[in-house]
Amino acid sequence: MTLQPLTPVNCAGLLQPGCSLLQLDGEVLLFGQKGWPKRSCPTGVFGVRFKHGEMKLRAISFSNDSCYLPPLRCPAVCRLDPYDGLPESYLIHGGRTPNNEISSSLYLLTMDSRGCNRKLTLCCKEKELVAEVPGPRYGHTMSMVQSRGKTACVLFGGRSYMPSGERTTESWNSVVDCPPQVFLFDLEFGCCSAHTLPELSDGQSFHLALAREDCVYFIGGHSLASDSRPPRLFCLHVELLQGSPLLSCETLDNGLSISSAIFTRTGPTHRYIILGGYQSDSQKRMECTTVILDEKGIHFDPVETPKWTPDIIHSRTWFGGSSGEGGILLAVPTEGRPSQQDMHYFYQVNFQTEGETREEDGTLACSQESTDYDDSTPLEDSEELYFGREPHELDGSSDGEGEAYNEEDEEDESQTGYWIKCCLGCQLDPNTWEPYYSTELHRPAMIFCSRGEGGHWVHAKCMELSETLLLKLSQGNKKYFCLDHGGLPYQEMTPPRHIIPLKRITMKAKDKKRPLTIKMSPAKKSFFRRLFD
């Protein structure tokens, strides 16, 4: 177990309480922010990278057929593991926007494609719900259950604004706990059904929900009605029958008094670790707990806590999320220290043993750095968004150089598995390469071989090319090509626009201005000559 301080690189202001961390296709994604400065990332989704004690963010783009995903704080996020041929994905429901608007929409977030440079493109679709649809809320949970070969989603808890009929001038923006109803809906047809159980008599928010097969365990939570965090633990059993589903609930005694906690999975089995959270409004929960779900039920075991720093111990609030199996990203405020420019201190907590620890450089997304964040204005939700375009294409109208997309960070991507398509017999490791050509500044030189379906990238060193030939093949902003296809005019950059010269049309003789002349006969000329003499 380790606690490592992190240095945010021009991205500390983007992580705020209520943000969510997702793990999709081996990457950690940050969701819930308003966007990168100067509209370089209108989607508000970023890839998070931890390397050498630094934390960097990289803008993630959406596909052209994606819908707009608003920045949502404290939504219900549920991971869908691959099943029935469907890829891994995430369900996102509800949440609160930075403009204090509460959403009731359901979104499905999946991976759309991967570029040759490992750039991730996401696809977001809004799912339509029918029948007994849950109202807008935040601070609730969603879980997937499986029963009798069927799959359904369970939604519970949360809080929302007062009903419009009960609002007054003083309590117009006051929030209340949502009714303690359990919503069950299937993903194929979007049909929802609401269920009221006698064991769930009070509303609760910011609790934990852990699911295993047909059971969902609700742990802790905060109740606005009593302003308390009782040690709650409910076991919801869902049986998906052919007609209507059958739900039953059991109250267990070994609950935890906790709210807004962070949990992470520590393996393929149903084993989790709970960290953080609050025991009361003025007391953080500094203990860590292991949770194991098996056939007999749920089990809690204390686990050794990290060696907390004084900043963590004395801070009043903290937040974060799971950064992968056995890892947690933790943030604590700087408490208004003038010497500290960033708003939060960041730490990475790793609960994995040395044998389970994965290599740090080969798993997460690359970074993007902004050099003009302090003077930037956050995006408004009503701004026009563009999907399927690279972030630097959205800054074509910027006047300052600092507002443009920083392409130097893309070059750093080559040092962490940038080249993924090479010949099978390649012996060159791109993560530990040594410069072979003098032209290799940031990454190993690659050539594009057109053989096979679609071609593939090969290290130039494997092809035993001389540097002179390598330079010859790369003239004119071309890609590197193999010996058989070096003369093809494929270009990596957009060719310059050819400006047609303007044709200068000569003016007609009749349109030219001539000096004024008076036609006179010889007799008149001699008369005027004698007159002036």
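## A four-stranded sheet and some salt bridges

In β26, Thr289 finds its bridge partner in Pro302. This is a predicted model, and that contact is a good way into its sheet. Strand β25 (residues 288-294) pairs with β26 in the antiparallel sense, over seven bridges.

Step back and you get an open sheet of four strands, in the order β21-β22-β25-β26, with antiparallel pairing. The edges belong to β21 (262-265) and β26 (297-303); each has a single partner strand, so one side of each is left without a neighbour in the sheet. From one strand to the next, the twist averages 25°.

Now for the charged side chains. The count of salt bridges comes to twelve, and here are three of them:

| Pair | Closest N to O |
|---|---|
| Arg148 and Glu239 | 2.4 Å |
| Asp177 and Arg159 | 4.0 Å |
| Glu213 and Arg212 | 3.9 Å |

Arg148 and Glu239 link distant parts of the chain, 91 residues apart: Arg148 is in the loop between β12 (138-147) and β13 (150-161), while Glu239 is in strand β19 (residues 232-239). Arg148 is exposed, at 57% relative accessibility.

What about Asp177 and Arg159: buried or exposed? Asp177 is buried, with a relative accessible area of 17%, and Arg159 is buried too, at 10%. Asp177 sits in strand β14 (residues 175-177) and Arg159 in strand β13, so their salt bridge ties together parts that are 18 residues apart in sequence.

In the Glu213 pair, Arg212 counts as buried, at 16% relative accessibility. Elsewhere, Asp25, Glu27 and Arg114 are joined into one network by salt bridges that share partners.

Key: Residues are numbered from 1 along each chain as its sequence is written. This is a predicted model: local features need pLDDT of at least 70, side-chain atom pairs count only at pLDDT 80 or more; totals for chains, interfaces and linings use all residues. Side-chain values use heavy atoms; hydrogens and water are left out. Two strands pair if DSSP finds at least two bridges between them. Helices (H or I, at least four residues) and strands (E, at least two) are DSSP runs, numbered from the N terminus. Axes are lines fitted to C-alpha atoms, for helices over the stretch in contact, and angles run from 0 to 180 degrees between N-to-C directions. Buried means under 20% relative accessible area, exposed over 50%, partly exposed in between (1.4 Å probe, protein chains only).
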